[in-house]
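Hi everyone, thanks for coming. Let's take a few minutes to look at one structure together, and please keep it open in front of you while I talk.

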Amino acid sequence: MVNGETKTVLAYPMERLLDVLRVDLGLSGAKEGCGEGECGSCSVLMDGALVNSCLVPVLQAAGTSVVTIEGLAAGETLDTVQQAFLECGGAQCGICTPGMILAAFHLLKGKPEPTIDEIREGLSGNLCRCTGYSQIVDSVLEAARRRVEA
Ligand code: FES
Ligand code: FES
């Protein structure tokens, strides 16, 4: 399942999930930064866990439920985390942003009201070259506040 829809692809078992998502399924939201599991820009959710899709062979994803950044919005309505990143300047060049948003989404599922340290820890697998992280932390705090109030 990808973003709630059943998908069938013809792929070599060891093809990277990242490539199958981007090339075979046309979901270019997940980005390739390092290709080595270090930067988190390729992050997606697989059965609710945050994974680096550059390290996941597609055979491992068979039978699981994968959510990419494209699956967070409900039609034209952005998820709260996406909206907060947009409004708080959490994105600059945007390469890290899909992975960062999915990591923040994953963090807020487990910790609806994280501290700044918990946000930094929760996003520690996702690297950003542009923002200095302050606006990203602000975005997550704002998303958390909106989700708690909703
Ligand atoms: S591209 Fe996957 S962790 Fe960097
Ligand atoms: S916004 Fe450019 S790498 Fe994070």
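Start with the side chain of S43, which reaches the backbone oxygen of G40 at 2.6 Å. Before I go on, please remember that what we are looking at is a predicted model. The S43 side chain also makes a polar contact with the side chain of N126, this time at 3.3 Å.

So where does S43 sit? You will find S43 in strand β1, which covers residues 43–46. And is S43 buried or exposed? The relative accessible area of S43 is 2%, and buried means under 20%, so S43 counts as buried. If we leave aside the neighbours within four places in sequence, S43 is in contact with L50, V51, N52, G99, L102 and N126. Here is one for your distance tool: E32 is eleven residues away from S43 along the chain, and their C-alpha atoms are separated by 9.4 Å.

Now follow the chain past β1. In the loop between β1 and β2 (49–52) you meet G48. G48 has 48% relative accessibility, so we call G48 partly exposed. In sequence, G48 and T64 are 16 residues apart, while from C-alpha to C-alpha they are 9.6 Å apart in space.

Let's turn to helix α1, residues 17–24. Which of its residues are buried? They are L17, L18, V20 and L21. What do they pack against? The answer is β1, the strand we began with, together with α2 (58–61) and β3 (66–67). After α1 comes G26, and the phi of G26 is positive, near 70°.

My last stop is a pair of helices: α4, residues 97–110, and α6, residues 134–149. Their axes come within 11 Å and cross at roughly 45°. Why do we call α4 and α6 oblique to each other? Angles under 35 degrees would be roughly parallel and 65 to 115 roughly perpendicular, so a crossing at roughly 45° makes α4 and α6 oblique. The crossing of α4 and α6 is right-handed.

Which residues make this contact? From α4 we have M100, A104, F105, L107, L108 and K109, and from α6 we have I136, V140, A143, A144 and R147. Sorted by type, the residues of the contact of α4 with α6 are nine nonpolar, two charged and no polar.

That's my tour. Thanks for listening, and I'm happy to go back to any of these spots with you.

Terms used. Residues numbered from 1 in each chain as written. Chains lettered and ligands numbered in written order. Predicted model: local features only at pLDDT ≥ 70, side-chain atom pairs only at ≥ 80, totals over all residues. Heavy atoms only, no water. Helix = DSSP H or I, 4+ residues; strand = E, 2+ residues; numbered from the N terminus. Buried < 20%, exposed > 50% of the residue type's maximum accessible area, 1.4 Å probe, protein only. Contact = heavy atoms within 4.5 Å. Polar contact = N/O pair within 3.5 Å; in protein donor to acceptor, adjacent residues only side chain to side chain. Axes fitted to C-alpha atoms, helices over the stretch in contact; angles between N-to-C directions. Parallel < 35°, antiparallel > 145°, perpendicular 65-115°, else oblique. Left-handed = near helix turned anticlockwise from the far one by under 90°. Nonpolar A, V, L, I, M, F, W, Y, C, P; charged D, E, K, R; others polar.
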